[in-house]
Amino acid sequence: MAIRGDVAGQALALPADGGEMGAAASRLDPARARQRRLPEPPPLTEHGPARVIAMCNQKGGVGKTTSTINLGAALVEYGRRVLLVDLDPQGALSVGLGVPAQQLERTVYNALMERRTTLADVRVATDVPGLDLVPSNIDLSAAEVQLVSEVAREQTLLRALDSVRDEYDYVLIDCQPSLGLLTVNALTAAHGVMIPLECEFFSLRGVALLVDTIDKVKERLNPELEISGILATMYDTRTVHCREVFSRVVEAFGDTVFQTVIQRTVRFPETTVAGQPITTWAPTSSGAAAYRDLAKEVIAL
């Protein structure tokens with residue numbers, strides 16, 4: 001699904017008061033109005049090669065890491081093998097899965113910067129069978145500087161993924177909250193980009209810049225790159241502002257917006273402390289059900 005930056009800007013160009021749309025959004029839940037029954041994913045008889053999806057948004061705190069963990073765990077429930085790649089020097093993805101990345105001798109940094117080290121060498125198994133992790137820690141912050149002098153520096157992660165691509169059905173890359181060289185590496189290696197978007201006006205403002213960056217990577221580095229979808233996160237149906245922002249996003253991007261929305265819940269901070277996905281920590285919760293629905297949508301792409 002191709003989306004250009006000028007289309008993204010339309011979401012910001014809509015009337016500030018919301019007009020008729022704002023009034024409609026205040027009367028009903030626009031997210032619920034889009035809900036349709038999702039088909040059950042078919043079983044697999046073999047695994048690989050993996051579809052690579054980058055979780056990307058240069059704004060922090062929009063749910064990238066939470067969505068990476070829980071979408072991965074939900075895909076595993078449907079019989080898919082999943083590799084999560086932590087490409088953020090803060091290592092939140094690793095922490096969220098209970099992996100002590102700061103104590104590890106080898107991380108994704110080594111796989112990117114050392115010729116004899118592969119992703120298979122640094123990956124670790126999580127507590128969820130079928131879900132593996134390539135961890136990260138603060139060492140990765142040095143990679144952005146060191147890669148500048150490398151030949152074909154934007155394709156370093158793409159080359160590293162070649163050693164494990166056939167073992168998985170999905171590779172989910174948790175990007176750092178910036179549009180630097182590490183994020184460009186993720187976009188160059190990916191087939192699709194998922195944009196977690198908090199239903200808040202300032203989050204909406206950054207989408208046009210991100211879409212422009214995706215277009216440039218598609219044009220110059222990765223012709224196969226597409227936007228898999230926009231995922232509304234931290235959705236609160238009780239607030240008019242949240243409903244209006246969601247309505248604006250749908251009006252601008254249409255079917256590119258996943259019908260699944262991730263609502264605010266205290267369960268997500270609890271899972272971070274527990275080091276588990278919400279599908280295992282609170283399997284009957286609304287959050288777990290939402291990520292299972294998202295997994296169905298991703299499989300159907």
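**View 1. Ile230 and its bridge partner Val257 in strand E8.** Welcome to a predicted model, and to a spot where two of its strands meet. Strand E8 covers residues 257-263, and E7 pairs with E8 in the parallel sense over three bridges. Between the two strands comes helix H13, residues 240-253, and together E7, H13 and E8 form a β-α-β unit that is right-handed.

**View 2. Strand E7 and its pairing with E6.** Is strand E7 largely enclosed or not? Eight of the 10 residues in E7, which spans residues 226-235, are buried, so the rest of the structure largely encloses this strand. Seven bridges connect E7 with strand E6 (residues 192-198), and the two strands run parallel. To find one of these links on screen, look for Pro196, whose bridge partner in E7 is Leu231. Helix H12, residues 207-220, lies across both E6 and E7, and the angle it makes to E6 is about 175°.

**View 3. Met234, a residue of E7 with a positive phi.** Stay with strand E7 for a moment, as Met234 has its place there. Its phi is positive, about 55°, although Met234 is not a glycine. For comparison, most residues other than glycine have a negative phi. Met234 has a relative accessible area of 24%, and so it counts as partly exposed; the cut-off for buried is under 20%.

**View 4. The whole sheet, from edge to edge.** How many strands does the open sheet hold, and in which order? There are eight, arranged as E3-E4-E2-E5-E1-E6-E7-E8, and the pairing is mixed. The edges are taken by E3 (124-125) and E8; each has a single partner strand, so one side of each has no neighbour in the sheet.

**View 5. Strand E4 and its partners E2 and E3.** Strand E4 covers residues 131-134 and pairs with strand E2 (residues 82-87) in the parallel sense, over four bridges. Two landmarks help here: the bridge partner of Val85 in E4 is Val134, and Leu83 stands opposite Asp132. The pairing of E3 with E4 is antiparallel and rests on two bridges. Here, too, Asp132 is a good residue to find, with Ala125 standing opposite. E3 and E4 form a hairpin with five residues between the strands, where Gly130 takes a positive phi near 95°.

**View 6. The side chains of E4.** Which residues of E4 point one way, and which the other? Leu131 and Leu133 share one direction, Asp132 and Val134 take the other, and all are buried. Such alternation between the two faces of the sheet is what side chains do in a regular strand.

**View 7. Leu119 and the residues around it.** Leu119 lies in helix H7, which covers residues 119-122. With a relative accessible area of 0%, Leu119 is buried, since buried means under 20%. Leaving aside residues up to four places away in sequence, Leu119 touches Val108, Ala111, Val134, Ala160, Leu161, Ser163 and Val164. Val134 will be familiar from strand E4, where it is the bridge partner of Val85. Leu119 and Val134 are 15 residues apart along the chain, and their C-alpha atoms are separated by 6.9 Å.

**View 8. Two loops with backbone features to look for.** The loop between helix H3 (30-33) and strand E1 (51-55) holds Pro49. Gly48 and Pro49 are joined by a cis peptide bond, with omega at about -10°. Most peptide bonds are trans. The loop between helix H8 (141-146) and helix H9 (156-161) holds Ala152. Ala152 is not a glycine, yet its phi is positive, at about 50°. Its relative accessibility is 31%, so Ala152 counts as partly exposed.

**View 9. Stepping back to the protein chain.** The chain contains 16 helices and eight strands. Its radius of gyration is 19 Å, close to the 19 Å given by the globule rule for 301 residues, so the chain is as compact as a globular protein of that length. The C-alpha trace spans about 60 × 40 × 35 Å along its principal axes. Of the 301 residues, 55% are buried. Among contacts with a separation of 6 or more, 82% come from residues 24 or more positions apart. The chain exposes about 13400 Å², and 51% of this is supplied by carbon and sulfur atoms.

Technical notes. Residues numbered from 1 in each chain as written. Predicted model: local features only at pLDDT ≥ 70, side-chain atom pairs only at ≥ 80, totals over all residues. Heavy atoms only, no water. Buried < 20%, exposed > 50% of the residue type's maximum accessible area, 1.4 Å probe, protein only. Pairing = 2+ DSSP bridges. Right-handed = clockwise from strand over helix to strand, strands pointing away. Rg over C-alpha atoms; globule rule 2.2 N^0.38 Å. Contact = heavy atoms within 4.5 Å. Areas by Shrake-Rupley, 256 points an atom, 1.4 Å probe, with all protein chains shown as cover. Axes fitted to C-alpha atoms, helices over the stretch in contact; angles between N-to-C directions.
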